[in-house]
Amino acid sequence: MNSCVDHTARKVPAPIVLLTDFGSQDSYVGVMKGVIATICPRVRCIDLTHAIPPQQVRVGRFCLQQAYGYFPPGSIFLCVVDPGVGSQRRAIAVDCGQAIYVGPDNGLGTALWQQQAVHHCVALTNADYWWGGDVSRTFHGRDIFAPVAAHLANGIDIKQLGRPLDPASLVTLPTSPLTVTPEQITGSIDYIDQFGNLISNIPAALLSANDHVIYHNQIFPLGQTYNDYPPGHVFALIGSHGFLEIVMNGGNAQAQLQAQIGDRLGVVR
């Protein structure tokens, strides 16, 4: 179904927020927006990010987890980091009240159904709400997820989109291990941003001003701002996500330390 229905009597819908690993070089994101504009021309599309590393579902999960609370209630998160596209993995829509997830059932939306109550959950089996009848095996973002998101923005009831699912059956990615003792906290690097800042899963609430960070057998002090230490100095601070980060003033901590997502790090008192 790709016809455009007049919905001028409706209020302006909550935005569709796009998160993908498509990058900006190719036309994939633009085509998805074209599908959305055809079905629901009044909806606003917001690009959360299209720079998730290819196939890195865990990185996409982290970005969605950190971002969804900053959007209006009912925002539709159209998320496509989908290494299993065309396989037996399910295409789903999940209404969690604060946010609606549309995308693959591969754990990408884990934070939503772990942190919010699931109101409705469906497998996207009703082809009436797809883009035409010939669905590509490699581009469900265009042919299934984008049109479904647009129809939701038009006010279609999520229950019409397909077969109901038990929320307990949704794929859920486990959180990174975090251990806390009186002497030490041990966590891992969950995300690396474009500045090379190493963002861990250790929350600010567990830290005190006199703590030191151990990573790759090196000890780093804890600061408060990026300018607390001279240029070229590597140290730690609490970043805007609310988690411990290892940073480098005027440089790239990832390059300096040869860091990778999943690396373990510790905090000592």
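**Exercise 1. A loop leucine**

Task: Decide how Leu 178, with a relative accessible area of 35%, should be classed: buried, partly exposed or exposed.

Solution. Keep in mind throughout that this is a predicted model.
- Step 1: Recall the cut-offs: buried means under 20% relative accessible area, exposed means over 50%, and partly exposed lies in between.
- Step 2: Leu 178 has a value of 35%, so it is partly exposed.
- Step 3: Now place the residue. Leu 178 sits in the loop between strand 7 and strand 8 (179–180).
- Step 4: Look at its surroundings. Once neighbours within four places in sequence are set aside, the contacts of Leu 178 are Ile 185, Thr 186, Gly 187, Asn 201, Ile 202, Pro 203 and Leu 206.
- Step 5: Add a distance across the chain. Leu 178 and Gly 266 are 88 residues apart along the chain, and 9.7 Å separates their C-alpha atoms.

**Exercise 2. Two residues with positive phi**

Task: Work out where His 216 lies and where Gln 258 is found, then class each by its accessibility.

Solution.
- Step 1: Start with the backbone. His 216 is not a glycine, yet its phi is positive, at about 50°.
- Step 2: The loop between strand 11 (212–215) and strand 12 (218–221) holds His 216.
- Step 3: The relative accessibility of His 216 is 39%, so this residue counts as partly exposed.
- Step 4: Turn to Gln 258, another non-glycine with a positive phi, here about 55°.
- Step 5: Gln 258 belongs to the loop between helix 5 (253–257) and strand 15 (264–268).
- Step 6: With a relative accessible area of 61%, Gln 258 is exposed.

**Exercise 3. Around strand 14**

Task: Find which strands pair with strand 14, and say how many of its residues are buried.

Solution.
- Step 1: Strand 14 covers residues 243–248, and six of its six residues are buried.
- Step 2: Take one partner. Strand 13 (residues 234–238) runs antiparallel to strand 14, and five bridges join the two.
- Step 3: Check the register with individual pairs. Val 234 has Met 248 as its bridge partner in strand 14, while Ala 236 is matched with Ile 246.
- Step 4: Inspect the connection. Strand 13 and strand 14 make a hairpin with four residues between them, and Gly 242 in the turn has a positive phi of about 90°.
- Step 5: Compare the cover. Strand 13 is also mostly covered, with four of its five residues buried.
- Step 6: Take the other partner. Strand 10 (residues 198–203) pairs with strand 14 in the antiparallel sense over three bridges, and Pro 203 faces Phe 243 of strand 14.

**Exercise 4. The seven-stranded sheet**

Task: Trace the strand order of the open sheet and name its edge strands.

Solution.
- Step 1: The seven strands follow the order 2-1-3-5-4-6-7, and their pairing is mixed.
- Step 2: Strand 2 and strand 7 (163–164) are the edge strands, as each pairs on one side only.
- Step 3: Examine the strand 7 edge. Strand 6 (residues 120–123) and strand 7 run antiparallel and are joined by two bridges.
- Step 4: In this pairing, Val 122 stands opposite Pro 164 of strand 7.

**Exercise 5. The largest pocket**

Task: Which helix gives the most to the lining of the largest pocket?

Solution.
- Step 1: Begin with the pocket itself. Its volume is about 530 Å³.
- Step 2: The lining has 24 residues; Cys 63, Tyr 191, Asp 193, Gln 194 and His 241 lie nearest the centre.
- Step 3: Strand 2 (45–49), helix 2 (57–67) and strand 9 (184–192) each supply at least two lining residues.
- Step 4: Helix 2 gives the most, with four residues.
- Step 5: Check how covered this helix is. In helix 2, nine of eleven residues are buried, including Phe 62, Cys 63 and Leu 64.
- Step 6: Sort the lining by type: 14 residues are nonpolar, eight are polar and two are charged.

**Exercise 6. The whole chain**

Task: Why does the protein chain count as being as compact as a globular protein of its length?

Solution.
- Step 1: Count the elements: the chain has five helices and 15 strands.
- Step 2: Its radius of gyration is 21 Å, close to the 18 Å that the globule rule gives for 269 residues, so the chain is as compact as a globular protein of that length.
- Step 3: Add the extent. The C-alpha trace spans about 60 × 35 × 35 Å along its principal axes.
- Step 4: Finish with burial: 50% of the 269 residues count as buried.

Key:
Residues numbered from 1 in each chain as written. Predicted model: local features only at pLDDT ≥ 70, side-chain atom pairs only at ≥ 80, totals over all residues. Heavy atoms only, no water. 1 Å grid on protein atoms, 1.4 Å probe; cavity = no way out; pocket = protein on both sides within 12 Å on 5 of 7 lines; lining within 4 Å. Points joined across faces, edges and corners; volume = space filled by probe spheres on them. Nonpolar A, V, L, I, M, F, W, Y, C, P; charged D, E, K, R; others polar. Buried < 20%, exposed > 50% of the residue type's maximum accessible area, 1.4 Å probe, protein only. Pairing = 2+ DSSP bridges. Rg over C-alpha atoms; globule rule 2.2 N^0.38 Å. Contact = heavy atoms within 4.5 Å.
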